[in-house]
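This report covers a pair of packed helices, an annotated domain and the surroundings of two ligands. The sequence and the structure come first.

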Amino acid sequence: MTIPSFVIGIAGGTGAGKTTVAREVADSVGEAVTRVPIDNYYHDLSHLEMDEREDVNYDHPDAFEWDLLMEHLDALLIGQSIEMPQYDFTLHNRKDETVHVEPSDVIVVEGIFALYDDAVTDRCDLKVYVETDADVRILRRIRRDVIERDRDLEGVIDQYLGTVKPMHEQFVAPTKKHADIIIPEGANQTAVNLLTEKVEVERSGVAQGLASEWERKPVEVADADGDRTTVTPSADEDGED
Ligand SMILES: Nc1ncnc2c1ncn2[C@@H]1O[C@H](COP(=O)(O)OP(=O)(O)O)[C@@H](O)[C@H]1O
Ligand SMILES: O=c1ccn([C@@H]2O[C@H](COP(=O)(O)O)[C@@H](O)[C@H]2O)c(=O)[nH]1
């Protein structure tokens, strides 16, 4: 890969279709795309019992380990691989295993809070908000949570009314104003095709070391002692794809 990478942030409410859009673009473009689902950066809650974990507000920004997400994003941006945590939605907890992720030309950061934190949006070259009506999103979520995440209908409804909806209105929906483009309905094929074309163009620019449409942003990195320094990515640092 060549640095800097082209970074896309994909935000939107639960069930909007963020993961589907990110996955379809990544599948079309291939290995050049690395997906960074922010869900993988929910705090490790191993110290809590299952019934305590069921009561956590997973739709508040404090539910995430932002420092680790930024550390990993910055590592990818300077061409280093990471050990990405994995999340188990049925257990409301991080899995024991991690996945080794190599840096790549295009990085897609995806999640309800992808456009929430300035540190993340500052690193995004393209900011996308997937907007789908709330009634469609809750219907999609009921189907997904009951079938794939081992939840019962009453629990999904209680969680939606108790935390998901109010947090969406307070924290997620306002991030739409940070978006460069808004995609309606989720995996809408025209939008996915356009996004894929954009990624292909930027990807070939990155591969040729032509960071023409976006600036080379300085990235803060920590050394072995934890001291932080600022590095500005250069296309010359890594001569090979
Ligand atoms: N445009 C669309 N039309 C119909 N169903 C869609 C569309 N986009 C996504 N979905 C479906 O909606 C559900 C939620 O999508 P997902 O990508 O998991 O949402 P999110 O990541 O935003 O929570 C999935 O079952 C997915 O297949
Ligand atoms: O342990 C958990 C962690 C998260 N959630 C819910 O997940 C969604 C975010 O994921 P999407 O793929 O964007 O839907 C969020 O609304 C949390 O409520 C959970 O239920 N349990």
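Angles between helix axes under 35 degrees count as roughly parallel, those over 145 as roughly antiparallel, those from 65 to 115 as roughly perpendicular, and the rest as oblique. The model discussed here is predicted.

**Helices α5 and α6**

Helix α5 spans residues 134-148 and helix α6 spans residues 153-172; the two pack at an angle of about 135°, and their axes are 10 Å apart. α5 and α6 are therefore oblique to each other. The crossing in which α5 passes α6 is right-handed. On the α5 side the contact is made by I138, R141, I142, D145 and V146, which meet L153, V156 and Y160 of α6. Six residues of this contact between α5 and α6 are nonpolar and two are charged, with no polar ones.

**Annotated domain**

An unreviewed UniProt entry carries the annotation "domain: AAA+ ATPase" for residues 4-153. Over residues 4-153 the chain is 32% helix and 26% strand. The C-alpha atoms at the two ends of this stretch are 45 Å apart.

**Ligand surroundings**

There are 14 residues around ligand 1, and G17, K18, T19, T20 and G186 come nearest. Two elements, α1 (18-29) and α5, each give two or more residues to this shell around ligand 1. The most comes from α1, which gives three residues to the shell around ligand 1.

Around ligand 2 lie T14, G15, K18, T19, D39, Y42, Y58, D59, F89, H92, I112 and V164. K18 and T19 are listed among the residues that come nearest to ligand 1 and are also listed around ligand 2.

The make-up of each shell by residue class is as follows.

| Shell | Nonpolar | Polar | Charged |
|---|---|---|---|
| Ligand 1 | two residues | eight residues | four residues |
| Ligand 2 | five residues | four residues | three residues |

Which residues does α5 bring to its contact with α6? They are I138, R141, I142, D145 and V146. Helix α5 is also one of the elements giving two or more residues to the shell around ligand 1.

Definitions and conventions
Residues numbered from 1 in each chain as written. Chains lettered and ligands numbered in written order. Predicted model: local features only at pLDDT ≥ 70, side-chain atom pairs only at ≥ 80, totals over all residues. Near = placed C-beta within 6 Å. Nonpolar A, V, L, I, M, F, W, Y, C, P; charged D, E, K, R; others polar. Axes fitted to C-alpha atoms, helices over the stretch in contact; angles between N-to-C directions. Helix = DSSP H or I, 4+ residues; strand = E, 2+ residues; numbered from the N terminus. Left-handed = near helix turned anticlockwise from the far one by under 90°. Contact = placed C-beta atoms within 7 Å. UniProt positions renumbered as here; feature names shortened; annotations may be inferred.
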